[in-house]
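Work through the following exercises on enclosed space, open space and nonpolar packing. Each task is followed by a solution in steps.

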Amino acid sequence: MTLTTVGKYLVNSLHDMGIKHVFGVPGDYVLDLMDRFVDSPMKLINTSCELGAGYAADGYARVNGLAALVVTYGVGGLSAFNAVAGAYAERVPMVVISGAPHSKMRNNQTMMHHLVGHYTMQLESYRQITEYAVMLSDGASVPDKIDEALDACLRSKRPVYIEVPVDVVDQLCRQPLPNRSKSALVSNPDALNEAVREAAEMLNAAKKPAVFIGMEIRRFGLGECLMQLLEKSGYPVATTIGGKSGIPENHPHYIGVYQGGFSLGTAHDIIEEADALLCLGAWMTDMTTGGFTAHIDPGRMISANSEIVKIKHHFYNQVILKDFIEHLTNALKSSPEPDHFHTPTPYKFSSDFIPIPQKKMTVRRFFDRLNQFLDNTMLLVCDTGDVIFGGAEMYREQKESHFSQDYYLSIGYSLPAGLGVSLAAPDKRTVVLIGDGALQMTVQELGSHIRFNTNALIFVLNNNGYLIERLIHDGPYNEIQTWQYARLPDVFGGGYGVKVCTEDELELALHEANKRSLQTVVIEIVVDKMDSTDTLALVGERVRKISNNHP
């Protein structure tokens with residue numbers, strides 16, 4: 001039997017699954033394993049910190065379908081923990097690999113550096129935020145454990161954790177099997193048929209049916225299945241923020257982003273007035289429902305998620321979302337072609353933006369201009385805060401061109417996530433929207449953008465502090481140190497930066513950004529301290545009420 005090593009088995013398996021870039025930070029327990037990545041066809045992207053590496057892997061996976069993160073034990077693994085938790089919450093497939101102390105040290109319970117309490121603490125911690133977690137212990141069992149981990153990652157669309165002690169990296173193991181089995185989730189045929197029958201009866205009898213899709217449609221690659229259902233049925237469709245760009249926004253079925261009482265345009269009325277609402281891959285979170293301002297009768301809802309369908313008050317377990325959509329499409333009656341057109345294209349401006357010279361920049365005017373600036377060569381990555389709501393209003397004609405954390409909502413996510421998006425889609429230009437407070441969380445990864453030659457265009461919305469927190473409950477803790485954001489590219493040794501205070505300055509900055517299409521560009525947008533989108537103002541008021549137990 002031809003043998004390989006544990007390190008090579010793991011590295012080659014990741015490469016075979018389509019990973020071209022691996023994110024991480026070196027540390028003594030993982031250096032030997034990192035050498036195996038350096039010797040592979042993949043490129044090792046060592047970021048400034050493990051949290052940034054985790055966010056970058058998250059962004060990469062959202063484009064590529066899978067990502068890998070490599071860190072050292074303790075200080076590295078725990079530093080990345082928040083990013084991996086966000087990936088778990090939002091169903092982002094990521095393989096987290098941590099080096100670990102020598103097995104003899106673990107067996108002897110030697111007090112080694114980076115250790116917290118006991119040797120299994122990190123493994124046990126990661127079990128809470130991964131689909132599968134394992135420590136590799138000997139070459140004989142390694143191939144099966146690695147295969148099980150990667151299988152679980154792809155099946156669940158969630159992170160998995162593999163811990164590799166330093167002495168295991170070069171242990172011998174068997175080569176990969178020619179046809180490594182991949183266990184797929186399978187629907188219970190009886191539950192599937194019953195769920196489809198009940199859903200079809202409800203939808204076919206409805207006078208005003210509608211569809212509401214969430215991020216699971218994107219995560220499980222179900223866009224084509226969804227389009228076939230829409231083309232046959234003619235139903236109008238809205239998305240969550242996380243589901244945005246799951247359907248091209250110039251499609252006649254698309255009515256916009258639904259956020260309960262925060263919804264703009266026709267999406268609110270069509271979704272809430274539907275007498276049969278088909279929810280596909282959507283989670284009814286506080287963000288999705290506009291702080292629980294949604295008024296949707298559960299008796300009119302068909303909710304299908306990755307492995308369960310709920311219709312009114314009936315639950316159907318072990319029904320896979322893909323199977324449900326495909327079978328339901330076959331069971332739906334066809335709609336006449338005129339019924340396929342619902343509203344004018346949401347978010348698309350009908351007239352050109354005309355800048356007013358010397359006029360102070362406002363949040364509203366910035367987003368109006370950005371909406372006309374973005375095109376199909378660009379991918380949009382939005383941080384938490386006002387930019388996530390402004391970003392939701394951007395017109396996205398191209399599928400899979402909008403990215404944000406609309407559930408976990410970790411500030412600082414977008415800058416390193418934009419690094420991962422840029423590397424996964426080098427033929428596009430990544431546009432990052434981030435607030436000044438969020439940028440201060442992960443600003444060091446601007447250096448990673450510059451080092452790895454991304455052409456990201458980074459807009460920093462500078463209102464001198466944490467505006468969302470001010471709108472919820474203001475206090476001195478919402479103030480931050482004012483930085484010269486436009487000068488950060490000089491600090492990090494490359495790229496271009498410019499400060500914008502007026503509308504005509506924004507025009508000049510956008511023109512310069514287009515000329516510098518091969519560089520990392522930072523555009524600082526200075527606005528008033530309390531200036532916000534209308535949606536953020538509503539969010540602040542609503543969250544304050546919820547926090548004070550006034551629903």
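The exercises below treat cavities, the largest pocket and the nonpolar cores in turn.

The model is predicted, so that local features need pLDDT of at least 70 and side-chain atom pairs count only at pLDDT 80 or more, while totals for chains, interfaces and linings use all residues. Residues are numbered from 1 along each chain as its sequence is written, and side-chain values use heavy atoms, with hydrogens and water left out.

**Exercise 1. Characterise the two leading cavities.**

Step 1. On a 1 Å grid over the protein atoms alone, a cavity is a set of points where a 1.4 Å probe fits but cannot get out, and lining residues have an atom within 4 Å of a point. The search of the whole structure yields 3 cavities of 30 Å³ or more.

Step 2. The largest cavity holds about 90 Å³, a volume being the space filled by probe spheres set on the points, which are joined across faces, edges and corners. Its lining includes Glu90, Met215, Trp283, Asp406 and Tyr407. By class, this lining has 4 nonpolar, 4 polar and 2 charged residues.

Step 3. The second largest cavity holds about 40 Å³. Among its lining residues are Arg62, Glu90, Met215, Arg218, Arg219 and Asp406. The classes here are 2 nonpolar, 3 polar and 5 charged. Both α10 (215-219) and β17 (402-404) supply at least two lining residues; helices (H or I, at least four residues) and strands (E, at least two) are DSSP runs, numbered from the N terminus.

**Exercise 2. Describe the lining of the largest pocket.**

Step 1. A pocket is an open set with protein on both sides within 12 Å along at least five of seven lines. The largest pocket has about 570 Å³ of space.

Step 2. It is lined by 32 residues, and Thr384, Gly385, Ile468, Glu469 and Leu536 are the closest to its centre.

Step 3. α22 gives the largest share of the lining, 5 residues. The lining comprises 18 nonpolar, 9 polar and 5 charged residues.

**Exercise 3. Locate the nonpolar cores.**

Step 1. A nonpolar core is a set of buried Ala, Val, Leu, Ile, Met, Phe, Trp, Tyr and Cys residues joined through side-chain atoms within 4.5 Å, where buried means under 20% relative accessible area (1.4 Å probe, protein chains only).

Step 2. In the largest core, of 49 residues, Val211, Leu229, Leu278, Leu280, Phe324 and Leu328 touch the most other members. Helix α9 (residues 189-204) gives the most to this core, 8 residues.

Step 3. Another core, of 32 residues, lies apart from it and includes Val22, Val164, Val169 and Cys173.

Methods
Ala, Val, Leu, Ile, Met, Phe, Trp, Tyr, Cys and Pro count as nonpolar, Asp, Glu, Lys and Arg as charged, and the others, Gly among them, as polar. Buried means under 20% relative accessible area, exposed over 50%, partly exposed in between (1.4 Å probe, protein chains only).
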